[in-house]
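The exercises below ask you to read burial, contacts and strand pairing from one set of coordinates. Each task is followed by a solution that goes step by step.

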Amino acid sequence: MAISIKPTRDAEGLELNQFGAATANQVYYQVIGASSETEASIALYNHVPRAYAGMYLSGVRVIEYVNNTFYKVAAIYNNQSP
């Protein structure tokens, strides 16, 4: 089964500093067709852009295990260069 990745409508975890500048963000995705959390994480890591809204990708994290082939995974960004 091919892996499908779709953004969700879940709220993003945008964090702003005291000056209103973005410092961190999480963008949520549905990963369907993966056989494990590891496969879902790697698929999302290879899918998402390395920069988003002036921030850099710092990693991905499984947020929710829905069933054996369906995971909710977050791409995590921050303003520190890689």
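**Exercise 1. Decide whether asparagine 25 is buried or exposed, and describe its surroundings.**

Solution. Asparagine 25 has a relative accessible area of 3%, and it therefore counts as buried, a class that means under 20% relative accessible area, with exposed over 50% and partly exposed in between (1.4 Å probe, protein chains only). The model is predicted, so that local features need pLDDT of at least 70 and side-chain atom pairs count only at pLDDT 80 or more, whereas totals for chains, interfaces and linings use all residues. Residues are numbered from 1 along each chain as its sequence is written, and side-chain values use heavy atoms, with hydrogens and water left out.

Next, place the residue: asparagine 25 lies in strand β3, residues 22-32, where strands (E, at least two residues) and helices (H or I, at least four) are DSSP runs numbered from the N terminus. A polar atom of its side chain lies 3.1 Å from the backbone nitrogen of leucine 14. Finally, apart from neighbours within four places in sequence, the contacts (heavy atoms within 4.5 Å) of asparagine 25 include Leu14, Tyr52, Met55 and Tyr77.

**Exercise 2. Which residues touch the most other members of the largest nonpolar core, and which element gives the most to this core?**

Solution. A nonpolar core is a set of buried Ala, Val, Leu, Ile, Met, Phe, Trp, Tyr and Cys residues joined through side-chain atoms within 4.5 Å. The largest one has 16 residues, of which Tyr29, Val31, Leu44, Val48, Val73, Ala75 and Tyr77 touch the most other members. Two or more residues come from each of β3, α1 (37-47), β5 (55-67) and β6 (70-78), and β6 gives the most, with 4 residues. As a check on one member, leucine 44 is in contact with residues beyond four places in sequence, among them Tyr29, Val31, Val73 and Ala75.

**Exercise 3. Work out how β5 pairs with β4 and with β6.**

Solution. Two strands pair if DSSP finds at least two bridges between them. Strand β4 (residues 51-52) pairs with β5 in the antiparallel sense over 2 bridges, and alanine 51 stands opposite tyrosine 56. These two strands form a hairpin with 2 residues between them, and alanine 53 in the turn has a positive phi of about 50°. On the β6 side, the antiparallel pairing with β5 runs over 9 bridges, glycine 59 has isoleucine 76 as its bridge partner, and a hairpin joins β5 to β6 through 2 residues.

Conventions. A polar contact is a pair of N or O atoms within 3.5 Å; within protein, one must be able to donate a hydrogen and the other to accept it, and residues adjacent in sequence count only if both atoms are side-chain atoms.
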